[in-house]
Amino acid sequence: SPLPNLGLIIIDQEENETYKNDRNPRFHTVKVAEILCKLTAVNLVIGSITPRVETYYQALKNNYILKKPFSKMAKPLNTIVNMNSERQILSLPLQKEIDQQLSQKQKILLVFNRKGEGQNLSCSDCKWIYLCSQCSLPLIPQSQEAVCFHCEKSFKIPEKCPQCRNAHLKPFGLGTKRLEKFIHDFWPQAKTLRIEQGQKINPHSNSWDIAITTSYGLKFNFPSIGLVAIIDADQGLNFPDFRTAEKNFQIFFKFLKIGERGIIQTHLPESHFISALSQMNYEKFFLEELSVRQKYSFPPFSQLIRLLIKNTDQAVAEKESQSIFSSLNKRYGREKLLEFLGPSPTFFKKQRGKFIWQIIIKIKSHQNQKLSDELKKYLQEIGRDIIIDVDPVSLL
């Protein structure tokens, strides 16, 4: 923005992924702000209670002046529940705590980041799974339809299984809507509210006792909350992306700050992630995460460039990615400062009818300007159909 007499730039919640543009040009707002501040000699303030690992690392290296609140806010009392010895999605300690909170007329927030009736719609006879025709991902069953939240398309639920023709299609797994039914069974007198994208809701009202929310709930300011429960703290930790732990920590940390008490249900009670989360200790999480990133040479100890190759024909996408990978290895294979990962299908292998393959370039040092310039020139010449994402926020 060509602002006259610019004096200060402030970026709040700098860890928010929406600051990274997901279409060309794929800039990151924080990086643009840093460059603009250097060009105009103005100050930049970036705020966060759970900053990105790269940002906090830069602050510790004195590239930012680190400011922390003078008075430490009271932390909620959090309890870890080991789900390995529990038989229901709502553990006995959580059930007892909900009983107590309801008796004290306190509001309860249950965090479960999976929408719908379940994880997928399947046939109980032949195990057929209803997949999105555009993305090949399991469709999430809703009341009247099945939805792909990846490409945002809806599909009619078939009356019979297309594979074995039996009428035994039903939701498998657990989603927010099915969780709401459990809540009704356990506490029929409690007024419930589901907070997720697409729902017409008002979390600010006092007309509810128990709210079930996805990460979408962080968009709202809640009234006084007695209890916040993370239903499945391990749910998003198994994705093959080095930022997975960081993203989940940021989400759960913010939710736990809302309540006076917190319960974290997990199958990994001994993990450093759960320990730091229960203590609301960002620094502890950061230091452990930093050691993992350094061991495997991920940002902030390297820079990543993600090449995405898309095609409606999977064989063509694979062949093109193999060709680019071979070319990179032939030209830069002896460079110790560069590492190439791939080529491989992305975790979400298909989107909007196109198969996606990726190559990850790791730049382990910014010292060699000649190498950086050569690589930049090479990437500019590999073709307009290849998506080049510098500093990607996701590798999925």
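## Reading side-chain contacts in a predicted model

Modeller: Let's start at the surface: Leu-8, Ile-10 and Val-45 make a nonpolar patch of about 280 Å². Keep in mind that this is a predicted model.

Biologist: Okay, take one of them. Where is the place of Val-45?

Modeller: Val-45 sits in strand β2, residues 43-47. Its relative accessible area is 42%, so Val-45 is partly exposed, since that class runs between 20% and 50%.

Biologist: On to the rings. How many aromatic pairs does a search of the whole structure find?

Modeller: The search comes back with 16 aromatic pairs. To read one, take the centre distance and then the angle between planes: under 30 degrees is stacked, over 60 is edge-to-face, and the rest are tilted. Phe-249 and Phe-253 have ring centres 5.7 Å apart and planes at 35 degrees, so this pair is tilted.

Biologist: And how many residues apart are Phe-249 and Phe-253 in helix α5?

Modeller: They are 4 residues apart in α5 (residues 244-258), which means about one helical turn separates them. Phe-249 and Phe-253 are both buried.

For another geometry, try Tyr-332 and Tyr-378: with centres 6.0 Å apart and planes at 80 degrees, the pair is edge-to-face. Tyr-332 belongs to helix α8 (residues 314-332) and Tyr-378 to helix α9 (residues 369-381), so this contact ties together parts that are 46 residues apart in sequence. Tyr-332 counts as buried at 3% relative accessibility, and Tyr-378 counts as buried at 6%.

Biologist: Which residues do ring pairs link into a cluster?

Modeller: Tyr-56, Phe-249, Phe-253, Phe-273, Tyr-282, Phe-285 and Phe-286. You'll recognise our tilted pair, Phe-249 and Phe-253, in there.

Biologist: What lies over the face of Trp-208?

Modeller: That's Lys-107, at 4.5 Å from the ring centre. The idea is to check the lysine NZ against both the ring centre and the ring normal. Lys-362 does the job over Phe-298, at 3.9 Å from that ring centre.

Biologist: Tell me about Lys-107. Is it buried or exposed?

Modeller: At 10% relative accessibility, Lys-107 counts as buried. You'll find Lys-107 in the loop between α3 (92-103) and β4 (108-111). Besides lying over the face of Trp-208, the Lys-107 side chain reaches the backbone oxygen of Trp-208 at 2.5 Å. Lys-107 also has a neighbour from elsewhere in the sequence: Ser-224 is 117 residues away along the chain, yet 7.1 Å away in space, C-alpha to C-alpha.

Biologist: How many salt bridges does a search of the whole structure find?

Modeller: There are 15 salt bridges. One of them joins the side chains of Lys-254 and Glu-15, at 2.3 Å from N to O. That bridge links distant parts of the chain, with Lys-254 in helix α5 and Glu-15 in the loop between β1 (8-12) and α1 (29-40), 239 residues apart. Lys-254 and Glu-15 are both buried.

Arg-194 and Glu-196 also form a salt bridge, with the closest N and O atoms 2.9 Å apart, and both residues are buried. For Lys-247 and Asp-241 the closest N and O atoms are 3.8 Å apart, which counts because the cut-off is 4 Å.

Biologist: Which residues are linked in a network of salt bridges?

Modeller: Glu-54, Arg-243, Glu-246, Glu-289 and Arg-293.

Biologist: Last topic, the backbone. What should I look for?

Modeller: Most residues other than glycine have a negative phi, and most peptide bonds are trans, so look for departures from that. The peptide bond from Pro-299 to Pro-300 is cis, with omega near 15 degrees, and Pro-300 is in the loop between α7 (282-295) and β14 (303-311). The bond from Gly-342 to Pro-343 is cis too, with omega near -10 degrees, and Pro-343 is in strand β15, residues 338-351.

Biologist: And what is the phi of Asn-62?

Modeller: Asn-62 has a positive phi of about 70 degrees, though it isn't a glycine. It lies in the loop between α2 (53-60) and β3 (77-82) and counts as exposed at 66% relative accessibility. Ser-297 has a positive phi as well, about 55 degrees, but Ser-297 counts as buried at 15% relative accessibility. Its place is the loop between α7 and β14.

Technical notes: Residues are numbered from 1 along each chain as its sequence is written. Side-chain values use heavy atoms; hydrogens and water are left out. Rings of Phe, Tyr and Trp (its six-membered ring) pair if their centres lie within 6.5 Å; planes under 30 degrees apart count as stacked, over 60 as edge-to-face and the rest as tilted. Helices (H or I, at least four residues) and strands (E, at least two) are DSSP runs, numbered from the N terminus. Buried means under 20% relative accessible area, exposed over 50%, partly exposed in between (1.4 Å probe, protein chains only). A charge sits over a ring if NZ of Lys or CZ of Arg is within 6 Å of the ring centre and within 35 degrees of the ring normal. Patches are made of residues with over 30% relative accessible area and no salt bridge: like charges are joined within 9 Å, nonpolar side chains (Val, Leu, Ile, Met, Phe, Trp, Tyr) within 5 Å. Accessible areas come from the Shrake-Rupley method with a 1.4 Å probe; for residues, only the protein chains shown count as cover. A polar contact is a pair of N or O atoms within 3.5 Å; within protein, one must be able to donate a hydrogen and the other to accept it, and residues adjacent in sequence count only if both atoms are side-chain atoms.
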